[in-house]
Amino acid sequence: MTNEMFNQFCQKFSGTSHVVQWGNADVWKVGGKVFAVGWLKEGNMAITFKTSDVNFDFLGQHPDYQPAPYFANRGMKWIQIVNSTADNDDDLSYYLSESYRLVSLKLTKAKQKELGLNQNLE
């Protein structure tokens, strides 16, 4: 996944915002909470995202992924893909969508309603 593809994918979600911070990284948020971070690292895309406990354990064993520095060090279930290629774009799209979902579900009910998120889950 290229940087352009990453940003195009993340912007399609409702209630998102984008900022560039942390050393020129593209940071995507929903309701003010980070769900994805992407940047060029030595010519390759590095992308960090939130995962479920099961996916964190699974991806932590995969050679293209690692527990995300800074996030995972604090006990959070965040993964970083260190070898983003066209071969794993479909998987990465799934994990980014899941990250968005997981983060949006942690927003307050009032914030979710304000953003029109997760209203069909009740």
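Is Glu-98 buried or exposed? Select Glu-98 and see: at 17% relative accessibility, this residue counts as buried, where buried means under 20% relative accessible area, exposed over 50% and partly exposed in between (1.4 Å probe, protein chains only).

Before you go on, a word on what is on your screen. This is a predicted model, in which local features need pLDDT of at least 70 and side-chain atom pairs count only at pLDDT 80 or more, while totals for chains, interfaces and linings use all residues. Residues are numbered from 1 along each chain as its sequence is written, and side-chain values use heavy atoms, with hydrogens and water left out.

**Stop 1: the salt bridges**

Keep Glu-98 selected and add Arg-101. The two form a salt bridge, with their closest N and O atoms 2.9 Å apart; the term stands for a side-chain nitrogen of Lys or Arg within 4 Å of a carboxyl oxygen of Asp or Glu. Side chains of opposite charge can pair when their charged atoms come close. Both residues sit in helix H3 (residues 89–105), three residues apart, about one turn of the helix. Helices here are DSSP runs (H or I, at least four residues), as are strands (E, at least two), and they are numbered from the N terminus. Arg-101 is partly exposed, its relative accessible area being 37%.

How many salt bridges does the rule give? The count comes to two, so one stop remains on this theme. Select Glu-114 and Lys-111, whose closest N and O atoms are 3.5 Å apart in a salt bridge. This pair belongs to helix H4 (residues 109–115), where the partners are three residues apart, about one turn of the helix. Glu-114 is exposed, with a relative accessible area of 59%, and Lys-111, at 27%, counts as partly exposed.

**Stop 2: helix H1**

Now move to residues 3–11, helix H1, and colour its buried residues: Phe-6, Asn-7, Phe-9 and Cys-10. Look down the axis of H1 and these buried residues fall within an arc of 165°, so they line one face of the helix; the arc is that of the directions from the helix axis to the C-beta atoms. Turn to the other side of H1 to find Glu-4 and Gln-11, which are exposed.

What do the buried residues of H1 pack against? Show strand E1 (16–21), strand E2 (25–30), strand E3 (33–41), strand E4 (44–50) and H3, and you have their partners. Contact means heavy atoms within 4.5 Å.

Just along the chain, select Ser-14, in the loop between H1 and E1. At 43% relative accessibility, Ser-14 counts as partly exposed. Leaving aside neighbours within four places in sequence, Ser-14 is in contact with Val-30, Tyr-100 and Leu-117.

**Stop 3: the loop between E1 and E2**

Select Trp-22 and Asn-24. Trp-22 is found in the loop between E1 and E2, and so is Asn-24. Check the backbone: Trp-22 has a positive phi of about 50° although it is not a glycine. Phi of Asn-24 is near 75°, again a positive value in a residue other than glycine. Asn-24 counts as exposed, at 63% relative accessibility.

**Stop 4: the largest pocket**

Keep Trp-22 in view and add Trp-39, Pro-69, Tyr-70 and Phe-71: of the 13 residues that line the largest pocket, these five lie nearest its centre. A pocket is found on a 1 Å grid over the protein atoms alone, as an open set of points where a 1.4 Å probe fits, with protein on both sides within 12 Å along at least five of seven lines; lining residues have an atom within 4 Å of a point. The volume of the largest pocket is about 300 Å³, the space filled by probe spheres set on the points, which are joined across faces, edges and corners.

Which element gives the largest share of the lining? That is E3, with three residues. By type, the lining divides into nine nonpolar, two polar and two charged residues; Ala, Val, Leu, Ile, Met, Phe, Trp, Tyr, Cys and Pro count as nonpolar, Asp, Glu, Lys and Arg as charged, and the others, Gly among them, as polar.

**Stop 5: two more loops**

Select Ser-52, in the loop between E4 and H2. Ser-52 is partly exposed, with a relative accessible area of 25%. Its C-alpha atom is separated by 8.6 Å from that of Trp-78, 26 residues apart along the chain.

Finish at Asp-64, in the loop between helix H2 (53–59) and strand E5 (65–67). Add Ile-81: Asp-64 and Ile-81 are 17 residues apart in sequence and 5.8 Å apart in space, C-alpha to C-alpha. Not counting residues up to four places away in sequence, Asp-64 touches Gln-80, Ile-81, Val-82, Asn-83 and Asn-88.
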